[in-house]
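Subject: Structure handover

Hi,

Here is the structure for you to look over. My notes follow below it.

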Amino acid sequence: MTIVLIGPPAAGKTRLGKRLAKRLGLPFVDTDAVVVAGHGAIAEIFAEHGEPYFRALEREAVAEAVARPGIVSLGGGAVLDPATQADLASARVVLLTVRPEAIAARISNRKRPLVTDLESWKRLVAARTPLYESLADYTADTSTRPIETIVEEIARWVEAGQRTEDGQSTEDGQSTEAGQSTEQGES
Ligand SMILES: Nc1ncnc2c1ncn2[C@@H]1O[C@H](COP(=O)(O)OP(=O)(O)OP(=O)(O)O)[C@@H](O)[C@H]1O
Ligand SMILES: O=C(O)C1=C[C@@H](O)[C@@H](O)[C@H](O)C1
Ligand SMILES: [Mg+2]
């Protein structure tokens, strides 16, 4: 199973992803960290080569990460790539959200070239929210609750989905997608 964490910059994808991986006993990959390990600091990649170059490196890291079982934390803008959007259709996707009031303290460092202050964060999040929501199977807000509580909530959702899949396996051993509950919502 591949669980992918998406969401705005500083929503907590990296920090929560690590803890969730530990809790579920799965490997962890952070695609920003993969790019940094191979090519250096993100701010420098943006400054020297521009955003499209970064996005291409990011796409490579995402394609490799989501092809394996584990917890994958994406960079905030990775979902803009149509190939990544397609990959996420076969993963369990958790959207982490955070309210603007909680974000100020989290974006004070200079690691994020697209987010220089609260206003730029708000603009970016407003533009991306419909996309984030359309890709998500489960959403958890990280604004106020302790990380352990959020991790436990997501872990239980993952485990419940796993049990549903096991319980509803068809005779040829193929599991149904009954665990992906938000896609079955009434409209
Ligand atoms: N639930 C939480 N409560 C308080 N602080 C948190 C919580 N989750 C994350 N943080 C803090 O917010 C900051 C951003 O977290 P993190 O780097 O995990 O975000 P991210 O979603 O991975 O961001 P990016 O898109 O830039 O990779 C960190 O300083 C982290 O310690
Ligand atoms: O939201 C974004 O577009 C980004 C978020 C970070 O995780 C990094 O991937 C990079 O700073 C771009
Ligand atoms: Mg991160």
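Start with ligand 1. Helix α1 gives the most to the shell around this ligand, with three residues. Both α1 and α8 supply at least two residues each. The shell counts 17 residues, and those that come nearest are Gly12, Lys13, Thr14, Arg15 and Gly76. By class, five are nonpolar, seven polar and five charged. Keep in mind that this is a predicted model.

Thr14 deserves its own paragraph. Thr14 sits in helix α1. The UniProt record, an unreviewed entry, puts a "binding site" feature at Thr14. Is Thr14 buried or exposed? Neither label fits: Thr14 counts as partly exposed, because it has 17 C-beta neighbours inside 10 Å, and the buried label needs 20 or more while exposed needs 12 or fewer. Setting aside residues up to four places away in sequence, Thr14 touches Asp30 and Ser73.

Now ligand 2. The residues around ligand 2 are Pro9, Asp32, Ile42, Gly75, Gly76, Gly77, Arg112, Pro113 and Leu114. That shell splits into four nonpolar, three polar and two charged residues. Gly76 is listed around ligand 2 and is also among the residues that come nearest to ligand 1.

Next, the overall fold. The protein has eight helices and five strands. Along the sequence, they follow the pattern β-α-β-α-α-α-β-α-β-α-α-β-α. Of the protein's 187 residues, 32% count as buried. Take the contacts between residues at least 6 apart in sequence: 70% of them join residues at least 24 apart.

Last, the core. In soluble globular proteins, nonpolar side chains tend to be buried together. Here, the largest nonpolar core holds 39 residues, and Val4, Ile6, Leu74, Val94 and Leu96 touch the most other members. Two or more residues each come from β1 (2–6), α1 (13–24), α4 (51–66), β3 (70–73), β4 (92–97), α7 (118–135) and α8 (147–167). Which element gives the most to this core? It is α4, with five residues.

Look at Val4 in particular. Leaving aside neighbours within four places in sequence, Val4 is in contact with Val66, Val72, Leu74, Leu88, Ala91 and Val93. Leu74 thus appears twice: as a contact of Val4, and among the core residues that touch the most other members. Helix α1 also comes up twice, as a contributor to the core and to the shell around ligand 1.

Best wishes

Technical notes:
Residues are numbered from 1 along each chain as its sequence is written. Chains are lettered from A and ligands numbered from 1 in the order in which they are written. This is a predicted model: local features need pLDDT of at least 70, side-chain atom pairs count only at pLDDT 80 or more; totals for chains, interfaces and linings use all residues. A nonpolar core is a set of buried Ala, Val, Leu, Ile, Met, Phe, Trp, Tyr and Cys residues joined through C-beta atoms within 7 Å. Helices (H or I, at least four residues) and strands (E, at least two) are DSSP runs, numbered from the N terminus. Two residues are in contact if their C-beta atoms, placed from the backbone, lie within 7 Å. UniProt positions are given in the numbering used here, feature names are shortened, and annotations may be inferred rather than shown by experiment. A residue is near a molecule or strand if its C-beta atom, placed from the backbone, lies within 6 Å of it. Ala, Val, Leu, Ile, Met, Phe, Trp, Tyr, Cys and Pro count as nonpolar, Asp, Glu, Lys and Arg as charged, and the others, Gly among them, as polar.
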